[in-house]
Amino acid sequence: MRPIHPSPPPLPDASTLALTLPPAFEAFYATHVRCYQAYAHAHFTHRDTADAVVRAAFGDLLAHWSALVATLNPSAEAWNRYSAHICRHAPSLPLRTEARLQYQAVVLHHIAGCSIDATAATTGEDPSKIRHMLNTWPGQHY
């Protein structure tokens, strides 16, 4: 006689699935989403496109969250992944900059309106480095 195994419960339909996010990711998202969105909106003409790219980028960050938080500077690692994602989907703005971080700082601070402290936190850099990037930007009198 074969053992009787109960039937597995049916899978819930997609509308009832709930995803529990790691609390650290929720905090990261709450802290950085405004500047991340502003950076994307500076690169895309259509708000819907920018929002879709931001959602996809945060999905990528969530998928790699364990690896990101294991690094020495998770904010910088997350920003590098995020900014590369934006770069793959939108052309760079016509800004004359001397370094990738300088370009990002200019976009975040001068175009997207993020404060120096928020720009530093978003990129994972020290505020003094962001200040230096902005002060040495060749186009600072645009």
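How far apart are the end C-alpha atoms of helix 4, and what span should its 16 residues have? The model examined here is predicted. At 1.5 Å a residue, helix 4 should span 22 Å. Its end C-alpha atoms are 23 Å apart, which agrees.

Helix 4 covers residues 74-89. Its buried residues are Ala76, Ala78, Trp79, Tyr82, Ser83, His85 and Ile86. Several elements contribute to the cover over these residues. They include helix 1, helix 2, helix 3 (65-69), helix 5 (100-111) and helix 6 (116-123). Helix 5 contains Gln104. This residue counts as buried because its relative accessibility is 4%, and the cut-off for buried is under 20%. Leaving aside residues up to four places away in sequence, Gln104 touches Tyr39, Trp79 and Ser83. Both Trp79 and Ser83 belong to the buried residues of helix 4.

The packing of helix 1 against helix 2 was examined next. Two packed helices are described by the angle between their axes and the distance between the axes. The axes of helix 1 and helix 2 come within 10 Å. They cross at roughly 145°, and the crossing is right-handed. From helix 1, the contact is made by Phe25, Phe28, Tyr29, Val33, Tyr36, Gln37, Ala40 and His41. From helix 2, Arg47, Ala50, Asp51, Val54, Phe58, Leu61 and Leu62 take part.

Aromatic rings form a further set of links. The structure holds 13 aromatic pairs. One of them joins Phe28 and Phe58. The ring centres are 6.5 Å apart, with 65° between the planes, and the pair is edge-to-face. Phe28 lies in helix 1 (residues 23-43) and Phe58 in helix 2 (residues 47-63), so this pair ties together parts that are 30 residues apart in sequence. Both Phe28 and Phe58 are buried.

Phe58 also pairs with Tyr82. Here the centres are 6.3 Å apart and the planes differ by 50°, which makes the pair tilted. This pair links distant parts of the chain, with Phe58 in helix 2 and Tyr82 in helix 4, 24 residues apart. Phe58 counts as buried because its relative accessibility is 5%. Tyr82 counts as buried because its value is 1%. Ring pairs also build a cluster, made up of Phe25, Phe28, Tyr29, Tyr36, Tyr39, Phe58, Trp65, Trp79 and Tyr82. Among its members, Tyr39 and Trp79 are touched by Gln104.

Charged side chains were considered last. The count comes to two salt bridges. One is formed by Asp60 and Arg81, whose closest N and O atoms are 3.0 Å apart. Asp60 lies in helix 2 and Arg81 in helix 4, so the bridge ties together parts that are 21 residues apart in sequence. Asp60 counts as partly exposed because its relative accessibility is 22%. Arg81 is also partly exposed, at 30%. Glu125 and Lys129 form a salt bridge too, with 3.7 Å between the closest N and O atoms. Glu125 is partly exposed, with a relative accessible area of 26%. Lys129 is partly exposed as well, with a relative accessible area of 38%.

Helix 2 and helix 4 are thus linked in two ways. One link is the aromatic pair of Phe58 and Tyr82. Another is the salt bridge of Asp60 and Arg81.

Terms used
Residues are numbered from 1 along each chain as its sequence is written. This is a predicted model: local features need pLDDT of at least 70, side-chain atom pairs count only at pLDDT 80 or more; totals for chains, interfaces and linings use all residues. Side-chain values use heavy atoms; hydrogens and water are left out. Rings of Phe, Tyr and Trp (its six-membered ring) pair if their centres lie within 6.5 Å; planes under 30 degrees apart count as stacked, over 60 as edge-to-face and the rest as tilted. Helices (H or I, at least four residues) and strands (E, at least two) are DSSP runs, numbered from the N terminus. Buried means under 20% relative accessible area, exposed over 50%, partly exposed in between (1.4 Å probe, protein chains only). A salt bridge is a side-chain nitrogen of Lys or Arg within 4 Å of a carboxyl oxygen of Asp or Glu. The expected span of a helix is 1.5 Å times one less than its number of residues. Contact means heavy atoms within 4.5 Å. Axes are lines fitted to C-alpha atoms, for helices over the stretch in contact, and angles run from 0 to 180 degrees between N-to-C directions. A crossing is left-handed if the near helix is turned anticlockwise from the far one by less than a right angle, and right-handed if clockwise.
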